[in-house]
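The following exercises concern strand pairing and aromatic contacts. Work through each task before reading its solution.

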Amino acid sequence: MTGDPQYDEILRTLKSLFSPGQVIEIRILSDDGVSSGYFNDFEMAAVAIGAQDRDPRGHGMYVTLNEVSSDLLARRANRIKYRIGRQDQTTADADIVHRWWLPIDIDPVRRSGISSSEPEHEEALHRAEVIRQFLAERGWKEPIVADSGNGAHLLYALDLPNDETSRDLVRSVLEVLDNRFSDERCRVDTANFNAARIWKVYGTTSRKGDNLPDRPHRRAGIISGAGERREIMVSDLVSLIADSSTDQKNPSENLNDRHDHSVKSQSSFRSSDSTCSGGRSIPDLGAWLTRYGLSYESKPYQGGILFSLDSCPFSEAHRDGAYAIQFENGAIYAGCHHDSCGSGRQRWPELRAKFEDHGRCVDEWIASTRRSRIRARLIAEGRIDPDDESDDTQKPGPSTNTKASEPGVEADADDNDLIRHRAQEILTTGDPLAFILQTFAHSHEGDHSVGECLVHSLASRLVINSKGLHVSITGESGKGKSHAIETMKSLIPAAYRLEGRMSDKALFYMDDLVPGTVITLDDVNLSDQMQEILKGVTTSFQKPFPYRTVSKDRKPQICTIPERCVWWIAKVEGAGDDQVFNRMLTCWIDDTQEQDDKVLDRTLAAAGQFPGSPTQESDDVLVCRKIWEEIQQVWVVIPFAERIRFQSSENRRNPDMLLDLTRTNAALCQQQREKCTLNDTCCVIASERDFYEAARLYVGLNGEDGGQAHKLTKRESSLLSIIASLNRSEITVTELQGTTGWTNSTITKLIHGYRSYGKSYSGLLEKCPAISFLDRTESRGDGGCTTHRRSKAYLWDEGLYEAWMKGGLIWLAREEQDHDQIQPGDGGGDAQPGAEVRTEDDQISEKTEPNTDTCFATSERRVEKDDATEPSSCIQESGVCISSLSSGMFVKTGEFPTHEPCCVCGKRQTQYMERAHESWHDGTATGMLLCSSCYQRLISREAARMVALPGVIEPDRMVRLQTATRKCDLCSLMPAVWSDPESKTHLCDACYQREVERVSAERSRSCTSPP
């Protein structure tokens, strides 16, 4: 004893709670921050705590309850460091060596930040006594009873390792006490289950808020039980948890009634932990698990047996983490460590009910209804005899499953057999893609191409050599992007659906994320980190994507996102980052007025329907899920891959996407394709039909259904189409406003791009080479006053636009075709001699005509070889043959185009007129008009006829110019972009390419000719 009673009380507290020499952490909370120190000398700790407690700025003095690793003494040995920073570490759960205490904190309910009043304080002390008596009557040893200053404490001594099972056990006990004894006046704190929990140091003052007479600051202290340590058994904890599962809390009872009831019925609860609703006991938990097909590994635990289950019976989202314990007294505890499975709470009653005969009447009714509906459909299709009562829909077949004799189980088995049979029939003889899209259309109106992209994305998970197909859906807000995604997600098994939103790093820490999961980002602004993650995951599609970080204990940690996860992004303006956009199948949601009318009709029709069964799903939906379960992972071989031709290979990811679309078509129809097995890998041989189906979708994504080749949104594509239809070389935003009806801001953003939430979105000036802008100043004078006005004019190159739009052309060459054959559509927009260009409205057939190449183009054009000897360059389109015209006959109309038709193609908005002094047509003075497109064709034709004498031009010496400053010396029509520094010869790009080809051909002939 010393002369300081506070020091004596603090020292007595430390000696009562901890063993001599045990390392503890003292943590002090104050207005200035957090202070911390580690002690193994209790006397020095008592001195430091007493000195800090006298400081009125301190809120409370705390100590770690459980045993801390002795290594942590080196952090701050027997001293307090004041106002620790972020780099100063405190005790974490992993630093606890052993659990020695079960902490029960009873706190009066009041507003935060204030001390308790005297009535509230007394109520907490009384509630602690009620809990102590309740647990004592169950055989628990006496605890340390203490006054926390504002509430009451009960500390029960125990002996548990620091592991997840012990953590879950303590958490469940606290939850049981909270459910039984918490009310509107006092509550049991359930947050004290972690091993590194800090606890009030008895003998110190609790300061919350100001010290007022009705809510004073009080000193915490031990009331009783500070003598000999008396430990409770683990079976006491388990028995309490098990008994509580059958003793539900009744809100109408007062506290004393609940306590009396629990005491009186205690004897009836003793055996409830090992019996089911029918009163049957389970003497051997291992035999029970084996009976119901639950495999496990067992080991001794706390005098009983711990069963680690091989797969989780509570969730299909993960396999590990589930366990069950049977203690020495027969008590049973079961749970799962995963947060999504209750974080270790007691789930034994739920596990029993799942496998034993309990509460199946509703399931039996649902199964019976579904079986009757399926039977009626089979009878209507003529697939079973209506008089045959022995089919599988009426009587269960033989089964070796132990659950076959239970009510309702045979109905589920029959339903599953019928669903599986129908799925297999579709996979072997039907069209799986068409069936899934038809089911998709039952719930979502229109957007067929969007649904098709989502199906192919799902199928890419099942192709071993796929690089992954991910989908980006763009369109106006409220047009059904989210609904399309949710509808398609409902057609896949639940294990592969990831619901809700997530943070950037949540994907790495989700225990229930399995390979092949569908991850959706719906109208989310992708952060820089999420974009980098998305790039990495899509690149590493067939293997897990690692992410290196540090844990909360500052230790290196490697987290991973599983392989073959597909990403679906729905956003108004696209993914934002062009590198992310390039990795996606880019499709547009249908926002036409016709689609709006269809959606409205469906919405109104649905409003007049009565509700169905909330637990019942369409059979077609179940069949779709079964189809995805039945499709196996395969390696798809494309034997004709070398015959596939692309007009543009600028984006190297687009050919991979077409090949993956071909692979996924073959994977979906794998049971209808040729197969072989190589190195234990099932290989499927793709057919040309798979290519045609892939090409059809690919063409649609480069036309009316998406912007795959150029990554355009639908509004950007619409604006380009409007500008092209005007047939003008120059246009302003004001004129576009009058044509489109859009706002100035909308058009400016579409052309120039914009920034939103720190992200840059590129515009048409960056995506399309046919549009450029001129920043100019206009001067207008009136009455001696001159006004200068700055404006932007947009320049339009129709020829360049047509060439750019043809970038999505693909076709399948004949087997004997040379790889260097000229591509369909080459020639700067002009038809090549011997080729006919025509538009077809019919769908592209998978059958090729004799001696032709099957060709798919984004503009719905088809180029075919023609054996006609008559040149088709003279195309009679409107009355004047273009071959009879020359560019010198025409001049520009001026600043604005005319609304007269073009004399060649008949289009309005002509920009070139015939020279008045060179009237030649029928000897009259009537002038002809040309549109910009026909004028460019005319120039290209004339330039193609200009041939230089051999040896005059040496293309090898020419260099490309940065800017064009003069006309071509050969054709005098096009801007010169190539120059010979020695001869000062300048050529346009068309003439230069022609000369290069001519020189190359001459050199080839000279090498092959005989000497």
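Tryptophan 635 lies in strand 23 (residues 635–637); strands are DSSP E runs of at least two residues and helices H or I runs of at least four, numbered from the N terminus. The model is predicted: local features need pLDDT of at least 70, side-chain atom pairs pLDDT 80 or more, while totals for chains, interfaces and linings use all residues. Residues are numbered from 1 along each chain as its sequence is written, and side-chain values use heavy atoms, without hydrogens and water.

**Exercise 1.** Determine the place of strand 23 in its sheet.

Step 1. Three strands form an open, mixed sheet in the order 23-26-25; two strands pair if DSSP finds at least two bridges between them.
Step 2. Strand 23 and strand 25 (674–678) are at the edges with a single partner strand each, so one side of each lacks a neighbour in the sheet.
Step 3. Strand 23 runs parallel to strand 26 (residues 681–685), joined by 3 bridges, and valine 636 is opposite valine 684.

**Exercise 2.** Classify the aromatic pair of phenylalanine 640 and phenylalanine 691.

Step 1. Ring centres of Phe, Tyr and Trp (its six-membered ring) must lie within 6.5 Å; planes under 30 degrees apart are stacked, over 60 edge-to-face, the rest tilted.
Step 2. With 6.3 Å centre to centre and 75° between the planes, the pair is edge-to-face.
Step 3. Phenylalanine 640 occupies the loop between strand 23 and strand 24 (644–646), and phenylalanine 691 belongs to helix 21 (residues 688–701), 51 residues apart.
Step 4. Phe640, Phe691 and Tyr692 make up one aromatic cluster.
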